[in-house]
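Please open the model in a viewer and keep the selection panel at hand. The stops below proceed from the overall fold to individual side-chain pairs.

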Amino acid sequence: MAIKERMSGNEAVSYAIRQINPDVMPAFPITPSTEIPQMVSTYIANGEMDTEFIPVESEHSSMSATIGAEAAGARSLTATSSAGLALMWEELLLAASNRLPLVLALVNRTLSGPININCDHSDGMGARDTGWIQIYAENNQEAYDNFIQAYPIAEDPRVHLPVMICQDGFITSHAVENISLLEDKPVKDFVGEYHPEEFLLNPGKPIAVGPYSISNYAMEAKKNQEIALENSKEVILEVAKKFKEISGREYGLFEEYRTEDADYIMLIMGSAAGTAKQAVDDLREKGKKVGVLKLRVFRPFPAKEIAEALKNCKAVAIMDRCESYNGNGGPLGSEVPAGLFRYKVMIEAVNYIYGLAGRDFTVGDACNIFSELEDMVVNGKEVEQYQYVRLRK
Amino acid sequence: MRTDITKINEKTPHDQLTEGLMIFAGGTSKLFKTGEWRTNTPVFHEDKCKQCLLCAPVCPDGSIPVKDGKRLAFDMDHCKGCGICATVCPFDAIEMKEGNE
C-alpha cells in the first residue's frame, strides 16, 4: 500500500535510509546535504534506526570511515555535497578499486569558486573518473526510488562497486513535492540483508584490503574494475525491473520523453529535465516535433544506448549543468559526441552550458534552444556549437 | 572468492586476479624478504648485551624477536639496517657495519 506524502528530496532520502537501516553512517555536514545526516541522527535518537552514526572531523574522514566500515563487513553510507565530495577525492578512488558496495547520497552543489551553495553538477562530474556508479534524479520521487535501488545494485556480485545517488541541491533537496513512499517491509525485503563473502571482521578468514601493487599487476586490476563497471549496466536494469514490481514505477538508463518522432531532442540530467519536458509539451501543442532524453545513469555512460536513441533526430542539444574547462565543451558535451562518433551517428549536436551555481533554467530558455536548433537545421543559421545559456554579455 | 595467492604471479591473466586485489591471508609481509634491501647490517655482540630490551620495541620492522623475556638474533630476512637499535643500545651491544651480510 503506497503512502502518499509530501516531502523534500532530503527528507525522502533520509526516509529511505531509515527504511534501509544500514549498519554504519559516518558523516560531516555541508550545505545542502546536511539535513540528511541531521534527519538520520534524529531517527536514531528516537529509536527508529539502530545505525551506528559516527560524527567525524571532515569529509576526508567520513569517506575513510565508510570505506573502513564497509570493508569490515558493515553496510555503510554517507552524504555530502560540493567541496565535501572534493575533499573525499582520494578515498572515492579507493572505495571503487577496493570493490566496496557502499553508497553516497550526493546533493549536487557547485564546486568553488566562487563559493556558492546552489546547484550545479560540477561536484558529481568532478568525480566522474573515480570508478563510481552515478545515478541522477529529476525529483524527490526519483531520489527516493534510486536510493532504495542503490544497495541491490552495489552489492550484486557482478558489480561490487560504490554507488552515488545524486539529486539537485536546493531545487530537489529542499523543495517540497508530492511523493509516493513504499512501506517499510517491502523496502527491507527489496534491499535484503548484507552478507559479504569476504570481510575484515571475520575470524579464521583473514584478508587484507587495498594493497600496494607493483606495475605488473595494476593494469590487470584496473581492467577488472572496468569490467565490473560495464557489468553494472545490466544489473542496474535488472534491479529497476524488480523495483517496478514493488512500486509500479519504471526506470532505465535514461527516460525518453516524446522522442519517438522528434526532430530535435534535448539531452539533459537532473531537475532541469522537468523544465525541458514542459517546454516540449508547450512546443508539441504548436506542432513542433521535439523531445527530451533525460539521462538517469551517468556512470556507466550508456554511449551505445544514447547513440541508438538519438540516431533518428536531426539535432540534439546537449545540456551541461557543469563547465568542464577543457575548452571544447562540458562533460556531457564531450562524452555524448564521443559516443555518437563511435557508433557513427552523425547528427548535429550543440553543447549548452546552463544553470551554473544555481542560475535559473526556464521553460523559455528550453524553448529558445529548440528554436535555435530548428533555425540551424532548417535555415542553415550559424549557431555557436558550445555556448552558455543567457550569459550576460 | 578465496584464491591461493601464492599461485598468483606476473604471468597470471587479469580474470584470475582477486577482486580488488584483496589478499586472502594474514601476516603476508613475513613472506616478503625486505632484508634484501639492506645496505648496512647490525652485528649483535651478545657478550655485551644486558637484555634490557630497549632495542626490540624501537625496531620499525619487528626484526628483533623476543622469547621468554630475552632478545634473540636479528631476523635478517626483514631487517632493513636502519640502525635505530644500535643508536638506542646503551651498552654498544649492537654495531652497524657496511654491507648486506
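A contact here means heavy atoms within 4.5 Å. Select chain A and consider its contacts between residues at least 6 apart in sequence: 81% of them join residues at least 24 apart. The model is a predicted one, in which local features need pLDDT of at least 70 and side-chain atom pairs count only at pLDDT 80 or more, while totals for chains, interfaces and linings use all residues. Residues are numbered from 1 along each chain as its sequence is written, chains are lettered from A and ligands numbered from 1 in the order in which they are written, and side-chain values use heavy atoms, with hydrogens and water left out.

**Chain A as a whole**

Display chain A as a cartoon: 13 helices and 15 strands are present. Helices (H or I, at least four residues) and strands (E, at least two) are DSSP runs, numbered from the N terminus. The radius of gyration of chain A is 21 Å, close to the 21 Å that the globule rule gives for 393 residues, so the chain is as compact as a globular protein of that length. That radius is taken over C-alpha atoms, and the globule rule is 2.2 Å times the number of residues to the power 0.38. Along the principal axes, the C-alpha atoms of chain A fill a box of roughly 70 × 55 × 45 Å.

Next, colour chain A by accessibility. Of its 393 residues, 57% are buried; buried means under 20% relative accessible area, exposed over 50%, and partly exposed in between (1.4 Å probe, protein chains only). Switch to the surface of chain A, about 16600 Å² of which is exposed, with carbon and sulfur atoms supplying 52%. Accessible areas come from the Shrake-Rupley method with a 1.4 Å probe; for residues, only the protein chains shown count as cover.

**Salt bridges**

Side chains of opposite charge can pair when their charged atoms come close. A salt bridge is a side-chain nitrogen of Lys or Arg within 4 Å of a carboxyl oxygen of Asp or Glu. Over all chains, the whole structure contains 28 salt bridges.

Select A:K277 and A:E138, whose closest N and O atoms are 2.8 Å apart in a salt bridge. A:K277 lies in helix α10 (residues 272-285) and A:E138 in the loop between β6 (133-136) and α7 (140-154), so the pair ties together parts of chain A that are 139 residues apart in sequence. A:K277 is buried at 14% relative accessibility, and A:E138 is buried at 12%. Extend the selection to A:E142, A:E255 and A:K294, which are linked with A:E138 and A:K277 in a network of salt bridges.

Move to helix α9 (residues 215-247) of chain A, where A:K223 and A:E226 lie 3 residues apart, about one turn of the helix. Their side chains form a salt bridge of 2.9 Å, N to O. A:K223 is partly exposed at 38%, as is A:E226 at 32%.

Then select A:K288 and A:E374, a salt bridge with its closest N and O atoms 3.2 Å apart. This pair links distant parts of the chain, 86 residues apart: A:K288 is in the loop between α10 and β11 (290-295), A:E374 in helix α13 (residues 363-379). A:K288 is partly exposed at 33% relative accessibility, and A:E374 is partly exposed at 24%.

**A stop in chain B**

Finally, select B:D47, in the loop between β1 (40-44) and α1 (55-58) of chain B. B:D47 is exposed, with a relative accessible area of 68%. Add B:A93: its C-alpha atom is 7.6 Å from that of B:D47, although the two residues are 46 apart along the chain.
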